[in-house]
Amino acid sequence: MATPEEGKALARSLAALVKLGVVPGIAALLDKGTVDVARRLQKTLLAEIAAFTASGNPDVLPELARHAGEHITELRRLLAGGALRDFEFVRAHARRRAGQRFPLEAMLHAYRSGHKVLSQWISEAAIAAKPRSRADIAAAVAAFSIEYTDAVSIVLAAEYVAQTRALAEAEGDQ
């Protein structure tokens, strides 16, 4: 988890969705949209963040698609009632990107841009699952989406900086 406080905020927002009866029932509805949301996410990120298409590294685009898929899988797992974990997939992605010297700003921008697409996917499924509680569900999904994006952004930035420092120290030792 990011820090204990971010973990608590994300857990509270997830608990609110449980209390509203959205979680775990939303999982089946999310499953129906995973291919579409992956496509929309990739399209949005490539359109909004030039660093991905400008990179000469042939691994950047396939790794972007894989990492986007990891977020979709993680969100689906959480919204099916899964427990919060440590976001190791985010840490591994941050270490890889730091090693490639891919800009941290571009990755954080991707999380912000992706937040819009992913929260819409979750919101549409949640409202379809519980249409009578539309306003409460929209607010709870918005809170959850923000807390998720905050938590993964903090994990990503911290791991990226730590890896960058470790690489710089290793270079200095040589």
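**Exercise 1. The contact of H5 with H7**

Determine which residues of helix H5 meet which residues of helix H7 in this predicted model, and describe the contact by residue class and geometry.

*Solution.*
Step 1. On the H5 side, the participating residues are His67, His71, Ile72, Leu75, Arg76 and Leu79. On the H7 side, they are Tyr111, Leu118, Trp121 and Ile122.
Step 2. Sorted by class, the contact of H5 with H7 comprises seven nonpolar, two polar and one charged residues.
Step 3. Two packed helices are described by the angle between their axes and the distance between the axes. For H5 and H7 (residues 104-129), the angle is about 40° and the axes lie 12 Å apart.
Step 4. Angles under 35 degrees count as roughly parallel, and those from 65 to 115 as roughly perpendicular. The two helices, H5 and H7, are therefore oblique to each other.
Step 5. The crossing of H5 past H7 is right-handed.

**Exercise 2. The contact of H3 with H5**

Describe how the axes of H3 and H5 are arranged, and identify the residues through which the two helices meet.

*Solution.*
Step 1. Helix H3 covers residues 34-48 and helix H5 covers residues 60-79; their axes come within 10 Å and cross at roughly 135°.
Step 2. That angle makes H3 oblique to H5.
Step 3. H3 and H5 form a right-handed crossing.
Step 4. H3 contributes Thr34, Val37, Ala38, Leu41, Gln42, Leu45 and Leu46, which meet Leu61, Leu64, Ala65, Ala68 and Ile72 of H5.
Step 5. The classes represented between H3 and H5 are ten nonpolar residues, two polar residues and no charged residues.

**Exercise 3. Helix H5 and its residue His71**

Compare the expected span of H5 with its end-to-end distance, list the buried residues of H5, and then characterise His71.

*Solution.*
Step 1. H5 has 20 residues, which at 1.5 Å a residue should span 28 Å; the C-alpha atoms at its ends are 28 Å apart, so the two values agree.
Step 2. The buried residues of H5 are Val60, Glu63, Leu64, His67, Ala68, His71, Ile72, Glu74, Leu75, Arg77, Leu78 and Leu79.
Step 3. His71, a residue of H5, has a relative accessible area of 5% and is therefore buried.
Step 4. When neighbours within four places in sequence are set aside, His71 is in contact with Phe89, Val90, Tyr111, Tyr148 and Val152.
Step 5. Leu30 is 41 residues from His71 along the chain, and their C-alpha atoms are separated by 13 Å.
Step 6. After H5 comes Gly81, with a positive phi near 105°.

**Exercise 4. Helix H6 and two of its buried residues**

Apply the span comparison to H6, and establish which residues Arg97 and His93 touch.

*Solution.*
Step 1. The 13 residues of H6 (residues 88-100) should span 18 Å at 1.5 Å a residue, and the end C-alpha atoms are 18 Å apart, so expectation and model agree.
Step 2. Phe89, Val90, Arg91, His93, Ala94, Arg97 and Ala98 are the buried residues of H6.
Step 3. Arg97 has 0% relative accessibility and therefore counts as buried. Residues up to four places away in sequence not being counted, Arg97 touches Val60, Glu63, Leu64, Phe102, Met107 and Tyr160.
Step 4. His93 has 9% relative accessibility and thus also counts as buried. Beyond its neighbours within four places in sequence, His93 is in contact with Glu63, His67, Met107 and Leu156.

**Exercise 5. Backbone features in the loops**

Locate Phe87, Arg101 and Pro24, and state the backbone feature of each residue.

*Solution.*
Step 1. Phe87 lies in the loop between H5 and H6. Its phi is positive, near 60°, although Phe87 is a residue other than glycine.
Step 2. Phe87 has a relative accessible area of 2% and is therefore buried.
Step 3. Arg101 belongs to the loop between H6 and H7. Arg101 is not a glycine, yet has a positive phi of about 60°.
Step 4. With a relative accessibility of 56%, over the 50% cut-off, Arg101 counts as exposed.
Step 5. Pro24 is placed in the loop between helix H1 (4-19) and helix H2 (26-32). Val23 and Pro24 are joined by a cis peptide bond, with omega about 10°.

Methods. Residues numbered from 1 in each chain as written. Predicted model: local features only at pLDDT ≥ 70, side-chain atom pairs only at ≥ 80, totals over all residues. Heavy atoms only, no water. Axes fitted to C-alpha atoms, helices over the stretch in contact; angles between N-to-C directions. Helix = DSSP H or I, 4+ residues; strand = E, 2+ residues; numbered from the N terminus. Parallel < 35°, antiparallel > 145°, perpendicular 65-115°, else oblique. Left-handed = near helix turned anticlockwise from the far one by under 90°. Contact = heavy atoms within 4.5 Å. Nonpolar A, V, L, I, M, F, W, Y, C, P; charged D, E, K, R; others polar. Expected span 1.5 Å × (residues − 1). Buried < 20%, exposed > 50% of the residue type's maximum accessible area, 1.4 Å probe, protein only.
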